[in-house]
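Trainee: Could you take one small part of this protein and walk me through it slowly? I would like to see how that part sits within the whole chain.

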Amino acid sequence: MQLIKKLALATAMVAGFSATTQAANVEISKPMARAVPAVSTNSAAFLTIDNKENKNITLIAAESDVAARVELHGHKMEGEMMRMFKVEGGIPVPANGQVKLQSGGYHVMMMGLKRSMKAGDQVDITLRFSDGDTATVKVPVMDMRNQKKDMAHSAMKH
Ligand SMILES: [Cu+2]
């Protein structure tokens, strides 16, 4: 079963389609980045991480050449206000568990964009994990304005 899955993945990659990216111990799926107006200097990316290992790992950093600075961020409520904060110490992914980076929660923050990010574009983001694993994900840029949960985030200052 595992072999079949790997073969299918390899075929998909040859075809230039990478809905799923697999490092040694993690599987990345549902990547997407927010399309922003050309004047915007910041954007955010979201994805799902599955930990295939029997031990906890931590997403410690994200990198991309699309922005001057890339940080791992989260959101929290402060009174009535939803605020972003820089995640210190990384985002934990429990053993055999899953973490979703999604609008209104954890996200990869791209600050100081070096080029525009419009729907249909693609950006490369490299994820670094505490076990030394890295995964480079091709992240499609999408118009996320219609996503309800996105309202809180887009209304916030970055
Ligand atoms: Cu952020």
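Mentor: Happy to; we will begin with the whole chain and then zoom in on its backbone at K30, with a short stop at N96.

Keep in mind as you look that this is a predicted model. The protein chain has 2 helices and 11 strands. If you trace the chain along its sequence, you meet a helix, then the strands one after another, and then a helix again, in the pattern α-β-β-β-β-β-β-β-β-β-β-β-α. There are 158 residues, and 43% of them count as buried. Look also at who touches whom: among contacts with a separation of 6 or more, 64% involve residues 24 or more positions apart. On the outside, the chain exposes about 8900 Å², with carbon and sulfur atoms supplying 55% of that area.

Now let us zoom in on K30. You will find K30 in strand β2, which covers residues 26–34. What is phi at K30? The angle is near 50°, a positive value in a residue other than glycine. And is K30 buried or exposed? K30 has a relative accessible area of 57%, and because exposed means over 50%, K30 counts as exposed.

For company, turn to N96. Phi of N96 is near 55°, again a positive value in a residue that is not glycine. Where does N96 sit? N96 belongs to the loop between β7 (91–93) and β8 (98–101). So you can set the two side by side: K30 is found in a strand, whereas N96 is found in a loop.

Conventions:
Residues numbered from 1 in each chain as written. Predicted model: local features only at pLDDT ≥ 70, side-chain atom pairs only at ≥ 80, totals over all residues. Heavy atoms only, no water. Helix = DSSP H or I, 4+ residues; strand = E, 2+ residues; numbered from the N terminus. Buried < 20%, exposed > 50% of the residue type's maximum accessible area, 1.4 Å probe, protein only. Contact = heavy atoms within 4.5 Å. Areas by Shrake-Rupley, 256 points an atom, 1.4 Å probe, with all protein chains shown as cover.
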